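Here is a friendly walk through one protein model, written for someone who likes to check geometry by eye. Please keep the viewer open as you read.

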Amino acid sequence: MTRIIAALLYFVSAGLPAQNLPPPLEHVIEIALTPDSGEIRVSDRVTFSGRDEYRFRLAPWLSIDRLALNGVAADLGNSGNDYVLRLPDKGRHVLEFMLRGSIPARSGGDAAASGQYASSGSDGVYLPGWEAWIAHDDEEPVRFRMRVTVPASQRAVATGKLVDEKVGDQTYSATFELAQPGETPSLFAGPYRTSERLSDGLRLRTYFHAELDTLAEPYLDAAEAYIRRFRAEIGDYPYADFHVISAPIPVGLGFPNLTYVGRQVIPLPFMRTRSLAHEVLHNWWGNGVAVDYASGNWAEGLTTYMADYALERDKGEAEARSMRVKWLRDYAALPAQRDQPVRAFRSKQHQASQVIGYNKVAFIFHMLSIEIGQAAFDAGLRRFWSEHRFRTAAWQDLQAAFEQSAGRELGWFFEQWLDRRGAPRLSLGAHRIEQLENGFRTSIEILQPVAGYRFRLPVRLIMPSGFERHEITVSETLTTVEWITDDRPESIHFDPESDVFRLLQQDETPPIIRDITLNPTTSVVIGSADVDFASIARSLVAGIMDVEPRLAQLADVENSSGPLLLITTSDHVGELLVRLGLRPPPELSQVAHTAAAWTARRANGVPLLVVSADNAAGLRALLRPLPHYGGQSYVLFDGGRAQSRGIWPVARGALFRHLSGG
Ligand SMILES: [Zn+2]
């Protein structure tokens with residue numbers, strides 16, 4: 001009871017008007033689950049007050065065996081899966097549901113594999129809260145106490161705090177509790193072995209399939225380290241438990257106080273490092289502080305910045321810079337018509353939205369840390385956390401927290417980076433070196449054709465004796481800067497560490513696969529008469545193109561000016577390239593391969609992607625791996641294995657200038 005009072009006080013002290021906020025719903029749930037058959041029985045007692053109707057959804061595979069309102073059988077109005085129960089008054093009521101159904105068996109189809117829907121099988125049951133497997137309206141926060149019973153060979157685990165468990169001869173049961181109002185429960189079960197560690201008052205667990213036994217300890221080590229890291233950076237971990245659960249489907253999903261990860265993915269090194277850090281951090285950003293989606297999703301970018309990017313920065317400045325350059329490179333591949341303002345990003349629907357919602361946002365946090373300084377940045381994050389924990393927050397709340405910690409107004413910063421589509425473009429204008437009595441005066445113009453961006457621009461002035469670092473502020477379309485130095489400067493490099501989010505120029509951006517696959521104007525040519533080969537080629541196109549593909553004949557595109565994807569057999573590639581006025585790059589002949597994917601620019605600068613394979617089998621082997629190499633300029637395959645890959649070498653870029661010659 002103390003918990004409930006504390007929670008109510010919290011909301012009152014948060015300043016929300018009481019009349020708009022009926023007390024949270026209380027669910028007391030009993031589940032009996034048989035994973036082999038997917039049979040489930042749900043008994044759910046819901047207590048609430050302050051409302052004149054109870055609206056809820058219910059998964060289509062569940063039926064209501066019995067429903068009682070205050071102990072008396074009740075009638076329902078419903079349309080489809082949405083139900084409304086009218087209540088006699090706004091007083092306190094108790095609804096009792098008995099539900100029964102059979103969770104759809106996993107068929108291996110795309111829908112089940114994506115983790116969007118509930119699924120069952122002897123290797124695991126997956127019941128995400130959004131599937132409405134208790135009678136509930138998504139929008140409303142709940143408190144719950146839930147006991148789950150499964151056969152003794154299985155283990156069940158859910159969101160919420162694990163408060164009790166019993167291993168019997170026939171059954172295993174566990175009870176979970178959510179005291180602070182939050183999401184409806186998500187439930188997972190399977191033939192799991194559990195490993196546990198108690199760490200700083202938290203319970204860390206793995207629920208793994210048997211083949212993953214030896215990975216349990218390394219995962220507990222990693223989870224413990226990440227939780228400690230983020231707690232030190234932000235504030236206390238907001239839950240009592242953290243679990244890593246092995247999934248029979250190929251997903252990597254974050255839920256409050258747990259992550260659900262494909263059993264095939266768990267052994268991969270990136271999962272225990274970067275991906276786990278990302279999922280652990282979502283307990284603060286996204287779950288601990290929920291996203292006000294209507295005004296844009298800030299949580300993915302902040303999580304990318306503090307987890308994925310921070311781990312690269314731990315390795316060194318060069319690695320951090322590479323990640324920033326990769327983000328800029330991906331952004332340059334995004335066609336203007338697929339760009340969107342940051343505030344319009346809600347969730348990752350396709351790769352194009354990831355370029356904005358994850359990468360651009362993470363880059364913006366990098367620039368903010370430079371703009372206000374690391375100390376103010378860190379203090380702003382801690383302030384944001386302590387003010388919005390267990391509440392919903394918007395971009396403007398983040399802005400307010402950083403303004404407080406920096407002691408100044410930051411509206412200009414957030415507006416230019418969040419509300420505008422696009423990015424600054426920079427180039428260098430005329431320069432001049434003047435010999436003075438004892439030294440040299442160097443002046444140079446910085447051109448910014450897209451008006452209205454203001455940012456700090458680091459500069460490196462390179463002299464025979466070494467270099468000087470400077471920083472200037474650019475806000476006009478033409479900025480002229482000058483320096484006086486003892487030695488004559490040899491060259492000058494603006495933004496040498498890629499600290500500014502800007503649109504890279506063509507000579508800074510060797511073509512990558514994503515240039516072609518993100519572009520809705522790309523034409524696809526399948527240059528093979530072999531029926532098998534052509535059919536696999538069409539599957540490959542569906543897998544790698546992020547947009548609806550436009551099929552064409554080579555004759556149609558020979559003289560066209562748009563981006564092109566050409567898929568053909570290795571013995572034909574030479575002659576087709578001749579028709580396009582191109583030759584295969586020399587890198588291709590240096591490594592033996594059965595298939596290759598490589599990019600080039602056509603004479604007019606437009607990118608081209610060529611995929612060639614020795615035969616249909618060689619092409620088929622690319623179906624799985626190739627979609628993962630969008631950031632590369634070329635990949636050479638031996639069967640399904642990438643033998644060699646990389647980005648074509650790049651010029652120093654538009655912001656580097658040799659100054660010799662005065
Ligand atoms: Zn995420």
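## A partly exposed arginine

What does a relative accessibility of 22% make Arg 229: buried, partly exposed or exposed? At that value Arg 229 counts as partly exposed, because the buried class is reserved for residues under 20%. Please bear in mind that this is a predicted model.

The side chain of Arg 229 meets that of Asp 314 in a salt bridge, with 2.7 Å from N to O. This pair links distant parts of the chain, since Arg 229 sits in helix α3 and Asp 314 in helix α5 (residues 299–315), 85 residues apart. Asp 314 is also partly exposed, at 48% relative accessibility.

## Other salt bridges

How many salt bridges does a search of the whole structure find? The search finds 42. One to look at is the contact between Asp 213 and Arg 193, where the closest N and O atoms are 2.8 Å apart. Asp 213 belongs to the loop between β16 (202–208) and α3 (216–233), while Arg 193 belongs to strand β15 (residues 193–199), so the pair ties together parts that are 20 residues apart in sequence. Both ends can be placed on the accessibility scale: Asp 213 is partly exposed at 37%, and Arg 193 is partly exposed with a relative accessible area of 44%.

Glu 434 and Arg 432 form another salt bridge, and here the closest N and O atoms are 3.5 Å apart. Glu 434 counts as partly exposed, at 27% relative accessibility. There is also a network to pick out: salt bridges that share partners join Arg 197, Asp 200, Glu 217, Asp 221, Glu 224, Arg 228 and Arg 231.

## The zinc site

Which residues coordinate the zinc ion? The donors are NE2 of His 278, NE2 of His 282 and two OE atoms of Glu 300, at 2.1 to 2.8 Å. Along the chain, these donors follow the spacing H-x3-H-x17-E. His 278 lies in helix α4 (residues 269–281) and Glu 300 in helix α5, so the pair ties together parts that are 22 residues apart in sequence.

Why is the arrangement around the zinc ion irregular? The four donor atoms subtend angles of 51 to 153 degrees, whereas four donors count as tetrahedral if all angles lie between 85 and 135 degrees. For comparison, the ideal angle for four tetrahedral donors is 109.5 degrees. As for accessibility, His 278 counts as buried at 9%, and Glu 300 counts as buried at 14%.

## The eight-stranded sheet

Now to the strands. One open sheet has eight of them, in the order β5-β4-β8-β2-β1-β10-β13-β12, with mixed pairing. Its edge strands are β5 (72–73) and β12, and each pairs on one side only.

Follow the end of that order for some detail. Strand β10 (residues 142–151) runs antiparallel to strand β13 (residues 171–182), and nine bridges join the two. Within this pairing, Val 142 stands opposite Gly 182 in β13. Strand β12 (residues 161–167) also pairs with β13 in the antiparallel sense, over six bridges. A hairpin of three residues joins β12 to β13. Two bridge partners help you line up these strands: Lys 166 is partnered by Ser 173 in β13, and Val 167 by Tyr 172 in β13.

## The three-stranded sheet

A further open sheet has three strands in the order β9-β14-β11, with antiparallel pairing. Why is one side of β9 (125–127) and of β11 (155–158) left without a neighbour in the sheet? Both stand at the edges, each with a single partner strand, so one side of each has no neighbour there. Neighbouring strands of this sheet are turned by 10 degrees against each other on average, direction ignored.

Three bridges join β9 to strand β14 (residues 187–190), and the two run antiparallel. To find this pairing in the viewer, look for Tyr 126, which stands opposite Phe 188 in β14.

Definitions and conventions: Residues are numbered from 1 along each chain as its sequence is written. This is a predicted model: local features need pLDDT of at least 70, side-chain atom pairs count only at pLDDT 80 or more; totals for chains, interfaces and linings use all residues. Side-chain values use heavy atoms; hydrogens and water are left out. Two strands pair if DSSP finds at least two bridges between them. Helices (H or I, at least four residues) and strands (E, at least two) are DSSP runs, numbered from the N terminus. Axes are lines fitted to C-alpha atoms, for helices over the stretch in contact, and angles run from 0 to 180 degrees between N-to-C directions. A salt bridge is a side-chain nitrogen of Lys or Arg within 4 Å of a carboxyl oxygen of Asp or Glu. Buried means under 20% relative accessible area, exposed over 50%, partly exposed in between (1.4 Å probe, protein chains only). Donors are N, O and S atoms within 2.8 Å of the metal (3.2 Å for Na, K and Ca); water is not among the atoms, so sites may look incomplete. Four donors count as tetrahedral if all angles lie between 85 and 135 degrees; four count as square planar and six as octahedral if opposite donors are over 155 degrees apart and all others between 65 and 115; anything else is irregular.
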